[in-house]
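Me: I have a model open and would like to go through it piece by piece. Can you help me with that?

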Amino acid sequence: MTEAPESAPAADSPWTAPTSLSPSRVESFLSCPLAFRFSSIEKLPDLPSVAATRGSLVHRALELLFVELAPNRTPDALDRSVERAITEYRTDPDFTLLALDDKQTAVFDHECRQLAANYLTMEDPKAIRDIGLELRLEAPVGKLTLRGIIDRLELDADGELIVTDYKTGRAPSPNWERKSLSGLNFYAFLCESIFGRRPAAIRLMYLKSGETITATPSAQSTKFLITRTSAVYKAVVAACERNDFRPRQSALCNYCSYQQWCPEFGGNPSLAATEAPVVLGQAALA
Ligand code: SF4
């Protein structure tokens, strides 16, 4: 990690801290403050990735499956949902900007179908008592608003709330489980704030490997979530005030749309605002 090249007195800082945070934004800031500035504060365009678009498509297919009444959630219904989602994404910029050729598109479609098929090996969708799909929730924590989208909210046999999140990437190692559950603790907090009830369980379903990680939220996990998120927000505000967003190199750099404006790669961050819309726009059209 390099020292920030743009340290400046607070009065000179051009940045205004956002008033809301989502789980992905919290993790984005922790992963790399400079990439967070580019995407969440400067709101520069970002190129879609195959992994992210594949995940969005499979989420859409499962949402379509759960729109069906429980007895109708058959394997055939899932197949139809996947094909409909594939058709919908054919004209979506998240897919068209990937510029896949026919062979790559066939692989992409196959992987989407495979992830959806794996889902059916993990649970019986006919048995799920869902009460909400793709739920957009928000709740205040001091001056900050926490926002999140819950893939699925359901009731268990005892009428308790269960939060389920589908994952299309790899399951984390045990060391990383706590981090991956922090996003779901976020959702548990939102449920508790809005519905007045803490979910009995939060579940991550890893469709690639067929693994499910389940955790039981508690007053302690909610307190930890609020403490952690408040600390991250304080760091975001401080970074804005000091104009101090430091790059943090990691494996994520390989997928970063802003590498050419990153000082870790010899770039100048102050040029990103004018150059990124042109360069990334051209890359999207190439
Ligand atoms: S290339 Fe890496 S260090 Fe630079 S902004 Fe992107 S994620 Fe951060």
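**Strands first, then the rest**

Reply: This is a predicted model. Strand β1 (residues 20-21) runs parallel to β3, and 2 bridges join them.

Me: Which residue in β3 is the bridge partner of S20?

Reply: T145 is the partner of S20.

Me: And how many bridges join β2 to β3?

Reply: There are 11 bridges between β2 and β3, and the two strands run antiparallel. One of the pairs puts R136 opposite I149 in β3.

Me: What about the turn between β2 and β3?

Reply: β2 and β3 make a hairpin with 2 residues between them. G142 sits in that turn, with a positive phi of about 65°.

Me: Which way do β3 and β4 run, parallel or antiparallel?

Reply: Antiparallel, with 4 bridges joining β3 (residues 144-155) to β4. R152 stands opposite T164, and L153 has V163 as its bridge partner in β4.

Me: How many residues lie between β3 and β4 in their hairpin?

Reply: There are 5 residues between them. G159 is in the turn and has a positive phi of about 80°.

Me: Now β4 and β5. Parallel or antiparallel?

Reply: Parallel, over 6 bridges, with β5 spanning residues 201-206. K167 has Y206 in β5 as its bridge partner.

Me: Is β4 covered or open?

Reply: Mostly covered. In β4 (residues 161-167), 7 of its 7 residues are buried.

Me: Which residues point which way from β4?

Reply: L161, V163, D165 and K167 point one way, and I162, T164 and Y166 point the other. All of them are buried. In a regular strand, side chains alternate between the two faces of the sheet.

Me: Let's move to the core. How many residues has the largest nonpolar one?

Reply: It has 53 residues. V58, A61, A116, V163 and Y187 have the most contacts inside it. Helix α7 (residues 174-195) gives the most to this core, with 7 residues.

Me: What is Y187 in contact with, beyond its neighbours within four places in sequence?

Reply: G148, I150, V163 and I202. Of these, V163 is also among the core residues with the most contacts.

Me: Switch to helix α3. Is R60 buried or exposed?

Reply: R60 lies in α3. It counts as buried because it has 20 C-beta neighbours inside 10 Å.

Me: What is R60 in contact with, leaving aside neighbours within four places?

Reply: A85 and E88. R60 and I86 are 26 residues apart in sequence and 9.3 Å apart in space, C-alpha to C-alpha.

Me: And where is V50?

Reply: V50 is in α3 too, which covers residues 50-67. V50 is partly exposed, because 14 other C-beta atoms lie within 10 Å. Outside its neighbours within four places in sequence, V50 is in contact with L98 and F108. V50 and V278 are 228 residues apart in sequence, and their C-alpha atoms are 22 Å apart.

Me: Back to phi. Which residue in β2 has a positive value although it is not a glycine?

Reply: E134, at about 45°. E134 is found in β2 (residues 129-141). With 14 C-beta neighbours inside 10 Å, E134 counts as partly exposed.

Me: What about N243?

Reply: N243 has a positive phi of about 50° and is not a glycine. N243 is in the loop between α8 (219-242) and α9 (272-285). N243 counts as partly exposed, with 17 C-beta neighbours inside 10 Å.

Me: On to the ligand. How many residues surround it?

Reply: There are 14, and the closest are C32, P247, C253, C256 and C262. The shell divides into 10 nonpolar, 2 polar and 2 charged residues.

Me: Last topic, the whole chain. How many helices and strands?

Reply: The protein chain has 9 helices and 6 strands. Its C-alpha atoms fill a box of roughly 60 × 50 × 30 Å along the principal axes.

Me: What is its radius of gyration?

Reply: It is 20 Å. A compact globule of 286 residues would be near 19 Å, so the value agrees.

Me: And what share is buried?

Reply: Buried residues make up 29% of the 286. Among contacts with a separation of 6 or more, 70% come from residues 24 or more positions apart.

Key. Residues numbered from 1 in each chain as written. Rg over C-alpha atoms; globule rule 2.2 N^0.38 Å. Buried ≥ 20, exposed ≤ 12 C-beta atoms within 10 Å, placed from the backbone. Contact = placed C-beta atoms within 7 Å. Near = placed C-beta within 6 Å. Nonpolar A, V, L, I, M, F, W, Y, C, P; charged D, E, K, R; others polar. Core = buried A, V, L, I, M, F, W, Y, C linked by C-beta atoms within 7 Å. Pairing = 2+ DSSP bridges.
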